[in-house]
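Please look through the sequence and the structure below before reading on. The paragraphs that follow begin with one site, then move outward to the sheets and the overall fold.

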Amino acid sequence: MGNDTLTIPSPADFHVHLRQGEMSELVAPHVAEGGIDLAYVMPNLVPPITSADQANAYIQRLQELAPKTKFLGTLYLHPELTPEEIQRAAASGVRGVKSYPRGVTTNSDSGIEDYEMYYPVFEAMQKNNMVLNLHGEVPSDEEKGICVLNAESRFLSHLEKIHQNFPKLRIVLEHATTRAAVDCVRRLGETVACTITPHHLDLIVDDWAGRPINFCKPVAKLPDDRAALREIIREGHPRFFLGSDSAPHPLANKYPSASSLGSAEALVHNCGCAAGIYTSPILLPLCATLLESFGALDQLSKYVSENGRRFYQEPAANGKTVTLRRVNQQVPCVYVHPSYSASSDDDSKKLQIVPFFAGKTLTWELEQ
Ligand code: DOR
Ligand code: ZN
């Protein structure tokens, strides 16, 4: 391996949103384009995926859209989810269950409010070797002093308690953003792991305040929090790995404008910006560029392949690798669904997504 190429075993993204309908058609093939062979896909569709049959139909659809990628399915933790359905799901190849606290992010209106009521489901998951994926934030609540900046650290006691009650249940704290979360996962046992997104390795609060392209949940935190994320990746800790949380939203939902909303009144009521950062098509070159920027390029293979695959018991196929080459490349400013021609005049009607790092330079590219 020279200084200008890097070969790593088959990369996997253990947290990605691939949506449905036209959006899926556009984004599912981007996973392979970003250098990823295996994608663990989130269930927050509309309506959410709550049964084994739904999950399998969804994975089959993604597989048709992007035959080169292996997709793994999940269920959305929900009051109607029964231990029997967990067993059925596990037997049919569904690998995990994702928990969203109610109302904290995109399509989380059906999210959970109390974990103890799910103990029978967790028990069945533990028995069937399924993974529990936790969106680790509690809902904002002014009376309790909870806001987006401490929503993750205030969640950690829930993680500890679930782990104490189900020590053999494999749990992933998703998209950690704080030093407190990193310390907590490190302290807990072998069955608790943590995904870290590339964007949280790059951003701090200042980068999303007023900039919709960098706004996601959980929000990026303080410089010391980002330093903790970088340190744990630089260390190559075996229970921390890539889950991109790549989460596409149409341009019009990230940047609602007065003209698209029609009236000043509509704007006042609907001007919120959708939470989500899109990285799928550039994922591996982005990870290499960022890890190199903070002196962790030698840990790239652990971050994007080895650690996650070990935890999920999904070893890379023998000899399957991806090679990156050191070349400057500019990230496109927008991805457009192929059914809309570039020259078609009405931009507002096209399905367009602005990726993370749009217009910026990556220092690595995939060797074709
Ligand atoms: O920013 C986010 N976007 N965070 C999530 O947890 C969900 C995701 C989405 O689905 O858009
Ligand atoms: Zn997510």
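**A guided reading of the model**

At 5% relative accessibility, His17 counts as buried, where buried stands for under 20% relative accessible area, exposed for over 50% and partly exposed for what lies in between, computed with a 1.4 Å probe on protein chains only. This is a predicted model, in which local features need pLDDT of at least 70 and side-chain atom pairs count only at pLDDT 80 or more, while totals for chains, interfaces and linings use all residues. Residues are numbered from 1 along each chain as its sequence is written, chains are lettered from A and ligands numbered from 1 in the order in which they are written, and side-chain values use heavy atoms, with hydrogens and water left out.

What holds the zinc ion (ligand 2) in coordination? The zinc ion (ligand 2) is coordinated by the NE2 atoms of His15 and His17 and by OD of Asp245, at 2.0 to 2.1 Å; donors here are N, O and S atoms within 2.8 Å of the metal (3.2 Å for Na, K and Ca), and since water is not among the atoms, sites may look incomplete. Along the chain, these donors follow the spacing H-x1-H-x227-D. The pair His17 and Asp245 links distant parts of the chain, 228 residues apart: His17 belongs to the loop between strand 2 (12-16) and helix 1 (21-33), and Asp245 to the loop between strand 10 (240-242) and helix 10 (251-254). Helices (H or I, at least four residues) and strands (E, at least two) are DSSP runs, numbered from the N terminus. Asp245, with a relative accessible area of 8%, is buried.

Strand 2, which precedes the loop of His17, takes part in an open sheet of three strands, in the order 2-3-4 and with parallel pairing; two strands pair if DSSP finds at least two bridges between them. Strand 2 and strand 4 (70-72) are the edge strands, each pairing on one side only, and neighbouring strands of this sheet are turned by 20° against each other on average, direction ignored. Such angles run from 0 to 180 degrees between N-to-C directions, with axes being lines fitted to C-alpha atoms, for helices over the stretch in contact. Strand 2 is joined to strand 3 (residues 38-41) by three bridges, the two running parallel, and Ala12 stands opposite Leu38 in strand 3.

Strand 10, which precedes the loop of Asp245, belongs to another open sheet, whose six strands have the order 5-6-7-8-9-10 with parallel pairing. Its edge strands, each pairing on one side only, are strand 5 (74-76) and strand 10, and neighbouring strands are turned by 30° against each other on average, direction ignored. At one edge, strand 9 (residues 192-196) and strand 10 pair in the parallel sense over three bridges, with Phe241 in strand 10 as the bridge partner of Thr195. At the other edge, strand 5 and strand 6 also pair in the parallel sense over three bridges, and Leu75 stands opposite Val97 in strand 6. Between them the chain passes through helix 3 (residues 83-91), in a β-α-β crossover that is right-handed; this term says that, with the strands pointing away from the viewer, the path from the first strand over the helix to the second runs clockwise. Both faces of strand 6 (residues 96-99) are covered, as Gly96 and Lys98 on one side and Val97 and Ser99 on the other are all buried. Four bridges join strand 6 to strand 7, which run parallel, and the bridge partner of Ser99 in strand 7 is Leu134. Helix 14 (residues 300-312) lies across strand 7 (131-135), strand 8 (170-174), strand 9 and strand 10, running at about 115° to strand 10.

Ile232, in helix 9 (residues 223-235), counts as buried at 2% relative accessibility. Leaving out residues up to four places away in sequence, Ile232 touches Val182, Arg186, Ile196, His237 and Phe240, contact meaning heavy atoms within 4.5 Å.

Taken as a whole, the chain comprises 14 helices and 14 strands. Its radius of gyration of 20 Å is close to the 21 Å that the globule rule gives for 368 residues, so the chain is as compact as a globular protein of that length; the radius is taken over C-alpha atoms, and the rule is 2.2 Å times the number of residues to the power 0.38. Of the 368 residues, 55% count as buried.
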